[in-house]
Amino acid sequence: MPVNLPTNLLRSFVAIVDTGSMLNASEQVFVTQSALSLQIKRLEELVQQTLFLREGRRLNLTSAGTVLLDYARRVLLLHDEAVAAVSAGRFAGPARIGMVQDFADTLLTGLLSRFSELHPDAQIYARVAGTAELQALLERRELDILLGFAAPNDAHAVTVAPMSWYGETALVDREVIPLAVLEEPCRFREAAIRALEDAGLQWRITVETPNLATLKAAVGAGLGITCRTHLFLEDSAALEHERLPSLPRVAAILRSGDKLDKAAQRLAELARETVAAL
């Protein structure tokens, strides 16, 4: 009897490789870390090979895991294409959308709930990450739609907004201005540092985090100033100080795959409308 490899196990396996950890992968495939571990154990039992080696907190592929990864991607691609072809004309999904953290609060509670109400039979997969990571996922055909940030002249721009400073005024009067920033790569981090250096101002990073919620908390606690758009703190006014230099504008972009099913096409339309109105 041939060995059957369930697609949910392959999808979890690929998610761990792409996200770099069990924690991140569990958020992507919507299972707990313990369930994810059991899935990988089951997959290893089916192929009778160890797929990962743990080195500290890192999971590295074995030679067998490297071989399986390429096949897993191809199997999942064909699987999803088959589902889309058979269910043509229906909202089968999943419609896969990726967005930067700035859009998450607005879109998850607005756009996705609206889409779900209009098309209750459709499935939605949502990924929140940085623009660079989302672009890589889109290029690997693991996302249908990308909502991120880019230069104001980007061909995929939906709307363009000014960057602004946020934080406590007193921090700007310090000889060395404290900055709170997201981890690299980050367009806003780069813009803030470049603007301060061009203005001849001294700065230092006091808070660095991968998480926008932590960044908001740090700025609210007076640990540093930061640079974002009006989506960062919608209820708070931007920081204005004669010492602070002006900042560039940034585009909110929408990119999509070249072959979208009806569900993804409709989600892309709604996403464009929502972002344009922000």
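For these notes I count Ala, Val, Leu, Ile, Met, Phe, Trp, Tyr, Cys and Pro as nonpolar, Asp, Glu, Lys and Arg as charged, and the others, Gly among them, as polar. The model I am reading is a predicted one.

**Entry 1, the cavity.** I searched the whole structure for cavities of 30 Å³ or more and found 1, and the space in the largest cavity comes to about 40 Å³. I then listed its lining, which is made up of Ala180, Val181, Leu182, Cys186, Phe188, Arg189, Ala192, Leu215, Thr226, Cys227 and Arg228. Strand E8 (176-182), helix H9 (187-198) and strand E10 (226-228) are the elements that give two or more residues to this lining. Sorted by the classes above, the lining residues are 8 nonpolar, 1 polar and 2 charged.

**Entry 2, the cores.** I looked next at the largest nonpolar core, which has 64 residues, and noted that Cys227, already met in the cavity lining, is listed with Ile97, Phe103, Leu147, Trp165, Ile225 and Leu267 as having the most contacts inside the core. Helix H11 (residues 262-276) gives the most to this core, with 7 residues. There is also a second, separate core of 20 residues, and Leu9, Val14, Val29 and Leu69 are included in it.

**Entry 3, Cys227.** Which residues is Cys227 in contact with, leaving aside its neighbours within four places in sequence? I find Met163, Ser164, Trp165, Phe188, Ala191, Ala192 and Leu247, and of these I chose to follow Met163.

**Entry 4, Met163.** Met163 sits in the loop between strand E6 (157-162) and strand E7 (164-166). Is Met163 buried or exposed? Its relative accessibility is 7%, and because buried means under 20%, Met163 counts as buried. Not counting residues up to four places away in sequence, Met163 touches Arg187, Phe188, Ala191, Cys227, Arg228, Leu247, Pro248, Arg249 and Val250. I also checked Met163 against Thr229: they are 66 residues apart in sequence, while their C-alpha atoms are 4.7 Å apart in space.

**Entry 5, helix H2.** Turning to Val29, which I had noted in the second core, I went through helix H2 (residues 22-29) and found Met22, Ala25, Ser26, Gln28 and Val29 to be buried. Why do the buried residues of H2 line one face of the helix? Seen down the axis of H2, they fall within an arc of 160°, so they lie along one face. I then asked what these buried residues pack against, and I recorded helix H1 (7-19), helix H3 (33-47), strand E2 (58-61) and strand E4 (124-128).

Terms used
Residues numbered from 1 in each chain as written. Predicted model: local features only at pLDDT ≥ 70, side-chain atom pairs only at ≥ 80, totals over all residues. Heavy atoms only, no water. Buried < 20%, exposed > 50% of the residue type's maximum accessible area, 1.4 Å probe, protein only. Arc of directions from axis to C-beta. Contact = heavy atoms within 4.5 Å. 1 Å grid on protein atoms, 1.4 Å probe; cavity = no way out; pocket = protein on both sides within 12 Å on 5 of 7 lines; lining within 4 Å. Points joined across faces, edges and corners; volume = space filled by probe spheres on them. Core = buried A, V, L, I, M, F, W, Y, C linked by side-chain atoms within 4.5 Å.
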